[in-house]
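Work through the exercises below with the structure open beside you, and try each task before reading its solution.

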Amino acid sequence: MIFELWKSIKRKEFALVYLLYGKESFLINETKQLLIKQVLHDDEVEFNLSSYDLAETPIELALEDAETFPFMGERKLIFLHNPQFLTAEKTKDKVEHNISRLEAYIQEPSPYAIVVFVAPYEKLDERKKVTKALKKSAVTFEANKLSEAELKNWIRSRAEYNGVTIAPEAVELMLTLVGTNLFMLTSEVDKLALYIGKGLTIDGQTVDHLVSRSLEQNIFTLVDKIVSRNIGDALRIYYDLLKLNEEPIKILAVITNQFRLIYQVKELAKRGYGQKQIATHIKIHPFRVKLAAGQAQKFTEEELTRIMKQLADADYQMKTGKMNKELLIELFLLKLK
């Protein structure tokens with residue numbers, strides 16, 4: 001888990017080679033910043049921090065840098081970005097890499113350099129000799145999307161980092177309102193911690209009042225009101241979105257996407273798919289599937305089919321200018337009573 005890696009870096013228990021890979025760029029960037037802060041003093045950064053793009057630079061040049069004594073300080077910190085030779089992707093590389101040279105370095109890394117491979121790829125090619133050697137010798141972190149449990153742990157840990165605690169219901173509400181974007185979750189927890197002050201607890205009411213809602217999350221709440229057949233509240237949310245100058249056509253598109261997701265989840269669940277399988281099949285985070293599954297239980301297939309048709313009709317009329325855009329969504333909501 002990322003927290004264990006960060007703890008070791010903060011204790012200054014450095015490895016000579018790191019491999020950071022995966023699509024969760026926020027975790028990779030946070031790890032990079034932590035390494036810079038812990039490995040180098042401020043006056044060493046200019047001389048002992050290097051970054052190479054391996055799509056542009058041969059690996060042997062970067063390794064020569066690693067094997068050169070630092071100008072000042074104890075060690076160098078070298079980031080090697082985009083090592084496509086670790087993947088199965090076939091690309092027309094601008095440069096040739098001496099992979100044998102890299103394999104030799106991995107076996108005997110420079111004692112006065114910390115080399116960090118930054119690979120923004122979901123998967124590496126485990127069949128390649130160089131990949132096997134790197135994963136065996138380097139401290140490796142796979143930075144892919146966090147599970148629901150890991151996201152909740154992240155929120156709690158971030159609160160603790162800020163000197164506060166967060167109530168369980170507040171953690172749940174935070175995920176529902178903000179979604180699964182780590183950058184947004186971190187920003188909101190930091191903001192709430194600053195608001196309540198050190199030593200206190202973030203509760204659900206504080207989250208509800210202060211957390212910023214994206215258009216998608218406002219639409220999720222709107223759909224939730226529709227599910228509960230609370231059309232009055234749904235209309236109020238819709239009018240608030242209009243006051244915020246959100247375009248009706250954009251609002252309609254997000255409503256349609258949410259109902260399409262509910263329909264897909266219901267259909268796939270009927271075929272025997274579990275929530276994790278559904279998430280993989282339609283390529284979204286399992287937490288969104290969990291929320292949609294809860295909403296899907298409130299609708300019959302016939303109701304969802306009718307709603308999807310109404311949304312398609314509204315989209316057609318909106319794009320052809322046959323009716324006032326604001327009124328179209330209002331009429332759609334009123335029909336659901």
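**Exercise 1. Follow the salt bridges of two helices.**

Task: Decide whether Lys309 is buried or exposed, and then find the residue with which Lys309 forms a salt bridge.

Solution. Lys309 counts as exposed, since its relative accessibility is 53%; here buried means under 20% relative accessible area, exposed means over 50%, and partly exposed lies in between, with a 1.4 Å probe and protein chains only. Before going further, note that this is a predicted model, in which local features need pLDDT of at least 70 and side-chain atom pairs count only at pLDDT 80 or more, while totals for chains, interfaces and linings use all residues. Residues are numbered from 1 along each chain as its sequence is written, and side-chain values use heavy atoms, with hydrogens and water left out.

The next step is the partner: Lys309 forms a salt bridge with Asp313, and their closest N and O atoms are 3.2 Å apart. A salt bridge is a side-chain nitrogen of Lys or Arg within 4 Å of a carboxyl oxygen of Asp or Glu. Because Asp313 and Lys309 are 4 residues apart in helix H16, about one helical turn separates them. Asp313 is partly exposed, with a relative accessible area of 35%. Helices (H or I, at least four residues) and strands (E, at least two) are DSSP runs, numbered from the N terminus.

Task: Which side chains does Lys270 meet in salt bridges?

Solution. Begin inside helix H13, where Glu267 and Lys270 both lie, 3 residues apart, or about one turn of the helix. These two form a salt bridge, with 3.9 Å between the closest N and O atoms. Lys270, which is exposed at 53% relative accessibility, also meets Glu301 in a salt bridge of 3.2 Å, N to O. Since Lys270 lies in helix H13 and Glu301 in helix H16 (residues 301-319), this pair ties together parts that are 31 residues apart in sequence. Glu301 is partly exposed, at 31% relative accessibility.

As a last step, consider the whole structure, in which a search finds 22 salt bridges.

**Exercise 2. Describe the two largest pockets.**

Task: How much space lies in the largest pocket, and which helices each supply at least two residues of its lining?

Solution. The term comes first: on a 1 Å grid over the protein atoms alone, a pocket is an open set of points where a 1.4 Å probe fits, with protein on both sides within 12 Å along at least five of seven lines, and lining residues have an atom within 4 Å of a point. The volume is the space filled by probe spheres set on the points, which are joined across faces, edges and corners.

The largest pocket holds about 780 Å³ of space. Of the 27 residues that line the largest pocket, Lys145, Leu146, Ile284, His285 and Pro286 are the closest to its centre. At least two lining residues come from each of H2 (25-39), H7 (148-161), H9 (182-196), H14 (275-282) and H15 (286-296), and H14 gives the largest share, 4 residues. Sorted by class, the lining has 9 nonpolar, 9 polar and 9 charged residues; Ala, Val, Leu, Ile, Met, Phe, Trp, Tyr, Cys and Pro count as nonpolar, Asp, Glu, Lys and Arg as charged, and the others, Gly among them, as polar.

Task: Which residues lie nearest the centre of the second largest pocket?

Solution. The second largest pocket has about 420 Å³ of space and is lined by 14 residues, of which Trp6, Lys10, Glu30, Arg158 and Tyr161 lie nearest its centre. H1 (2-10), H2 and H7 each supply at least two residues of this lining, whose classes come to 5 nonpolar, 3 polar and 6 charged residues.

**Exercise 3. Locate positive phi angles.**

Task: Where are Lys12 and Asn245 found?

Solution. Lys12 sits in the loop between H1 and strand S1 (17-21), and its phi is near 60°, a positive value in a residue other than glycine. Lys12 is partly exposed, at 48% relative accessibility. Asn245 is found in the loop between H12 (231-243) and H13 (248-270), and although Asn245 is not a glycine, its phi is positive, about 65°. Asn245 counts as exposed, at 68% relative accessibility.
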